[in-house]
Every structure is written in structure tokens, then in C-alpha cells.
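Reader: Could you take me through one part of this model in detail? I'd like a close look at the shell around the ligand and how it ties in with the rest of the fold.

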Amino acid sequence: MNLELTGRFLGDATLGLFGAGHLGRAIAQGLLAAGLPKRRLAICRRGSIETDRALSDAGLAEVVASSEQVARRSRILLYLVRPQDYLAMQGLELRADCLVVSFMAGVPLQNLPANVAAAQRVRAMTSAPDTLRQRDGLAALYPADNPLTRELLASLHLKIVPLRRESDFHAFTALGPCLPIALTQWEGLGHEIDDAELRQTAERFELPDYDSILQWAHRVRPRRLSDAERKRYLAQAATPGGVTEAILHALTSGMNLSAALEQGIKRSRELAIG
Ligand SMILES: NC(=O)c1ccc[n+]([C@@H]2O[C@H](COP(=O)([O-])OP(=O)(O)OC[C@H]3O[C@@H](n4cnc5c(N)ncnc54)[C@H](OP(=O)(O)O)[C@@H]3O)[C@@H](O)[C@H]2O)c1
């Protein structure tokens, strides 16, 4: 399997997913497809009926555990709750040697309510679940030199975009992972896409190698969707209260594409303050 480092690091422990929503389920399925044995995986949720049904449909019912069990047993913990719920694991006792990987938009590593040292905290920002299923997603990583997280993201077929500063996540989130969704909505509203304008916006926020991100967004964005299909596509990608939702709201209220993407950056910064 291509998760050798992860397997060795876990030993008898599990890889825990804290949060079983759109992204959590896609990551769990991707890790199993990459060869992680089911007995090494555990996933917890708050307890909504819809989530339990979706977990069952995804073949993940048998890896569901309580949040206490996930905290206690995991040596790698992927944190996948909404940014507004970033305190969800407060008070839970993690293993002292646990590596915590946060996938939350906005929220900085220092705000994680986890009893682990700074060196055991990593942030990743992936593209939406549909791109994971297509095996053509991207993910920013900070700090970028963490080999375990690199292996996990690579096993999900995510192209890794290393970030030099944690604050770069704000612009990356809006102008990278959110871009296919924003483009879909922009075209759905009847507008033309102007790549030159997008490049200029990315330059203002000092995002390197933007051409490859732009090409990726055009490659993965769905075409010729019916209204119902577009609605479903947007729902799986927009976490309520999150960055994508802010961009979609700005577009619907009449802003142009670049201005709407900047609203996403603003929303990410707001989430960082809490
Ligand atoms: N969706 C995307 O495209 C995407 C892309 C990149 C990054 N992200 C980031 O990924 C995170 C998750 O996004 P999402 O779209 O997957 O959100 P989501 O569908 O709303 O899922 C959030 C999950 O967190 C669980 N949860 C909330 N409080 C909990 C608690 N106290 N204990 C255990 N579980 C708890 C929820 O459980 P219940 O379902 O039982 O309520 C739910 O399963 C967000 O921070 C977002 O910024 C999302």
C-alpha cells in the first residue's frame, strides 16, 4: 500500500476523523481506497440522523466511534468540523504523541483546543469532496515539511501546494479550492470567465504558480449542469458559514467574480478571529 509511513506511525493506534460531514466522509473513503485497513480508522460525528445515514451509505458505519474513543485511540487526528465548531474537541484528552491535522478554513493552528505541542499541529486545505472522488484535487499544507501529512494527502491524489506562511491559507482557500465552485456559479449566472483578471487577483495576494491552479480549476469544474445538479454540486462544496458560501452569496448579490473571491478571503480572516 502507499501508506507505509502512516502504517508504521500508527502501530496499534487509529487514524481518527473528528467530523463526518461532506469532507470527512470523502477523506475516509479515500484513505480506505488507498489501502488503510478499516480497523485502523475511526470516525466520530455530533449525531445528526442525516450524517448517520450518509455514513451507512458510504460503507463507513462500522468505523463510527464516540468522540472520546476517537480522541483516546488516535495517533493521527484529522479535524474536520466546521470552523464555527472549532472548540468541538475542547476538554477531550488526546494521546501525548498525537499528530493533529486541521482541515478547517480560517482557524489558525494556535487556536486548536488540543493538548498537543505546536510541532504536532499541521494545517491542510483541500479542494471539495467531488475533486477527491475524481482523484484530481489539490491541498495546501503548512508547515509544508511534515512527511506523514504529505503521505496522507498524496494517497488521496491531492496535488500538494506548500505554503510558506500560515496566513497564506486565506487567499489560497478562496482562489484555489473555492475557484471551481465560484466559476460554476459565475457561469450559471450567465457570465464569461476572464482568466487574466483572476491572475491579477492572485498576484495581488502573492499566490505563487497560479497558472497551474487556474488550469486545475477549469479541468475539474463540472459543465452543462441542470439547475438541480448545480444545486447539489454547490451544496457538497459549501460548508454553511464558510468561505465558499461567502463567495456564492457575494456572486448572487451581484458582485463580480474577483470582488466575490475577495469576500471569501475576508470571510476566512473573520473565521480566524473566531
Ligand atoms: N466541504 C468542502 O468542500 C471543504 C473543503 C475544504 C475544507 N473544508 C473544511 O472542512 C471542514 C468540514 O467541512 P464539511 O463541509 O465537511 O462540513 P459538514 O458537512 O458540516 O461536517 C461537519 C461535521 O462535524 C461534525 N461535528 C460537529 N460538531 C461535532 C462534535 N462536537 N463532535 C463530533 N463531530 C462534530 C458534524 O457532525 P453531525 O453531522 O452529526 O452534525 C459533521 O459530521 C470545515 O472546517 C471546512 O472549512 C471543507
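Author: Start with helix α2, since that's the element that gives the most to the shell around the ligand, with three residues. Keep in mind that this is a predicted model. Strand β5 (121-126) is on the list too: α2 and β5 each supply at least two residues of the shell. In total, 31 residues surround the ligand, and the closest are Gly 19, Gly 21, Thr 51, Ala 88 and Ala 105. As for chemistry, the shell splits into 16 nonpolar, 11 polar and four charged residues.

Now for how α2 sits in the fold. Strand β1 (residues 14-18) runs parallel to β2, and four bridges join the two. One pairing you can look up is Phe 18, whose bridge partner in β2 is Cys 44. To get from β1 to β2 the chain passes through α2 (residues 22-33), making a right-handed β-α-β crossover. Strand β2 (residues 41-44) is covered on both faces: Leu 41 and Ile 43 are buried on one side, Ala 42 and Cys 44 on the other.

Zoom out and you'll find two domains, domain 1 (4-163) and domain 2 (169-273). Their C-alpha centres are 24 Å apart, and the contact between them takes 23 residues from domain 1 and 19 from domain 2. On the domain 1 side, β5 turns up again: β5, α5 (129-133) and β6 (137-142) are the elements giving two or more residues there. That side divides into 12 nonpolar, seven polar and four charged residues. Back at the ligand, the shell draws at least three residues from each domain.

Definitions and conventions
Residues are numbered from 1 along each chain as its sequence is written. This is a predicted model: local features need pLDDT of at least 70, side-chain atom pairs count only at pLDDT 80 or more; totals for chains, interfaces and linings use all residues. A residue is buried if 20 or more other C-beta atoms lie within 10 Å of its own, exposed if 12 or fewer, and partly exposed in between; C-beta atoms are placed from the backbone. Two strands pair if DSSP finds at least two bridges between them. A crossover is right-handed if, with the strands pointing away from the viewer, the path from the first strand over the helix to the second runs clockwise. A residue is near a molecule or strand if its C-beta atom, placed from the backbone, lies within 6 Å of it. Ala, Val, Leu, Ile, Met, Phe, Trp, Tyr, Cys and Pro count as nonpolar, Asp, Glu, Lys and Arg as charged, and the others, Gly among them, as polar. Domain bounds come from an automatic or database domain assignment. Two residues are in contact if their C-beta atoms, placed from the backbone, lie within 7 Å.
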